[in-house]
Amino acid sequence: MDIEEILLCPVPEDPRIPGTPVGRVGSVGLAKLTRRVPTMGAVLSYKGRQAYVDGRPVEHAVLAEALLRAVVAAANRLWGDLWVAPLVTVTRLGQRTAQRDRIIKYGLPTPVLRLLGSAAYVDHPRAVGYQLLAVATVWDEMGGDDEEHHRSGVLSHSDQEDLDRRLHGVLRAAHGLVEEIREETDRARRIRLGLETES
């Protein structure tokens with residue numbers, strides 16, 4: 001029997017559950033509507049490529065369709081309908097790996113499922129999605145053409161500090177630009193309504 005519904009979301013570690021928990025299975029409709037992390041429902045976990053539901057192994061084919069819907073739902077919360085490119089940038093998955101037909105056939109690596117479930121349930125998931133993309137973009141720009149950097153994906157302590165500085169600069173610049181354009185837009189609206197005159 002196929003699994004109908006999966007919700008990628010944070011799940012506490014449980015020594016009785018093999019592998020890494022990535023979400024809940026079953027009646028998760030209310031959690032999807034309220035956008036609250038569910039505390040009930042069977043736990044979906046992975047150990048390597050093997051899926052488990054409440055500790056019982058299940059074949060990928062049994063949950064493939066539901067897993068795709070769960071991936072799309074979580075990714076949509078982070079990046080909207082055009083989520084494939086941001087997911088590839090953030091995770092360094094191959095472009096082909098993130099295509100729907102491949103997810104149906106093979107699923108996604110456990111860390112990617114866990115990332116999607118965790119990020120989709122923080123406050124302001126769309127903002128977090130954009131921040132994930134910003135971090136990954138700046139991180140990759142720091143590496144430039146450094147093949148070792150791209151292979152390892154690991155930053156030294158000084159590179160981490162540099163990344164933090166650059167990201168703070170990006171956030172300050174973005175904050176200033178949004179503040180400026182919103183002030184200009186609001187002023188133009190007030191002029192249009194006759195509440196203010198052009199100087």
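**Note on the packing around α5**

1. Leucine 116, not counting neighbours within four places in sequence, is in contact with Leu8, Val71, Ala74, Ala75, Leu78, Trp79, Leu87 and Leu108. The coordinates are those of a predicted model, and the points below should be read with that in mind.

2. Leu116 belongs to the largest nonpolar core, which has 41 residues. Together with Ile6, Leu8, Leu44, Leu63, Val71 and Trp83, Leu116 touches the most other members. Two or more residues of this core come from each of β1, β2, β3, β4 (50-53), α2, α3 and α5. The largest share is that of α2, with 11 residues. Another core lies apart from it and has five residues, including Met142, Leu155, Leu163 and Leu167.

3. Helix α5 spans residues 110-119, and its buried residues are Thr110, Val112, Leu113, Leu116, Gly117 and Ala119. Their cover includes three strands, β1 (6-8), β2 (20-25) and β3 (42-47). It also includes the helices α2 (60-79), α3 (84-91) and α6 (125-143).

4. The pair α3 and α5 can be described by its geometry. The two axes come within 12 Å and cross at roughly 115°, and the crossing is right-handed. On the α3 side the contact is made by Leu87, Val90 and Thr91; on the α5 side, by Val112, Leu115 and Leu116. Five of these residues are nonpolar, one is polar and none is charged.

5. For α3 itself, the buried residues are Val84, Pro86, Leu87 and Val88. These residues pack against α2, α5 and α6. Leu87 is thus listed both as buried in α3 and as part of the contact with α5. Just after α3, arginine 92 has a positive phi of about 65°.

6. Is tyrosine 46, in strand β3, buried or exposed? Tyr46 counts as buried because its relative accessible area is 6%, against a cut-off of under 20%. Leaving out residues up to four places away in sequence, Tyr46 touches Gly19, Thr20, Val22, Ala51, Leu63, Leu67, Thr110 and Leu113. Among these, Thr110 and Leu113 are also buried residues of α5. The C-alpha atoms of tyrosine 46 and proline 109 are 9.0 Å apart, with their positions 63 residues apart in sequence.

7. Isoleucine 104 is in helix α4 (residues 100-106). Its relative accessibility is 24%, so Ile104 counts as partly exposed; the buried class requires under 20%. Apart from neighbours within four places in sequence, Ile104 is in contact with His60, Ala64, Glu65 and Leu68. For the pair isoleucine 104 and histidine 60, the C-alpha separation is 8.7 Å and the sequence separation is 44 residues.

8. Some totals for the protein chain follow. There are eight helices and five strands, in the order β-β-α-β-β-β-α-α-α-α-α-α-α along the sequence. Of the 199 residues, 34% count as buried. The chain exposes about 12,500 Å², of which carbon and sulfur atoms supply 55%. Taking contacts between residues at least 6 apart in sequence, 55% join residues at least 24 apart.

Note on methods. Residues numbered from 1 in each chain as written. Predicted model: local features only at pLDDT ≥ 70, side-chain atom pairs only at ≥ 80, totals over all residues. Heavy atoms only, no water. Buried < 20%, exposed > 50% of the residue type's maximum accessible area, 1.4 Å probe, protein only. Helix = DSSP H or I, 4+ residues; strand = E, 2+ residues; numbered from the N terminus. Contact = heavy atoms within 4.5 Å. Areas by Shrake-Rupley, 256 points an atom, 1.4 Å probe, with all protein chains shown as cover. Axes fitted to C-alpha atoms, helices over the stretch in contact; angles between N-to-C directions. Left-handed = near helix turned anticlockwise from the far one by under 90°. Nonpolar A, V, L, I, M, F, W, Y, C, P; charged D, E, K, R; others polar. Core = buried A, V, L, I, M, F, W, Y, C linked by side-chain atoms within 4.5 Å.
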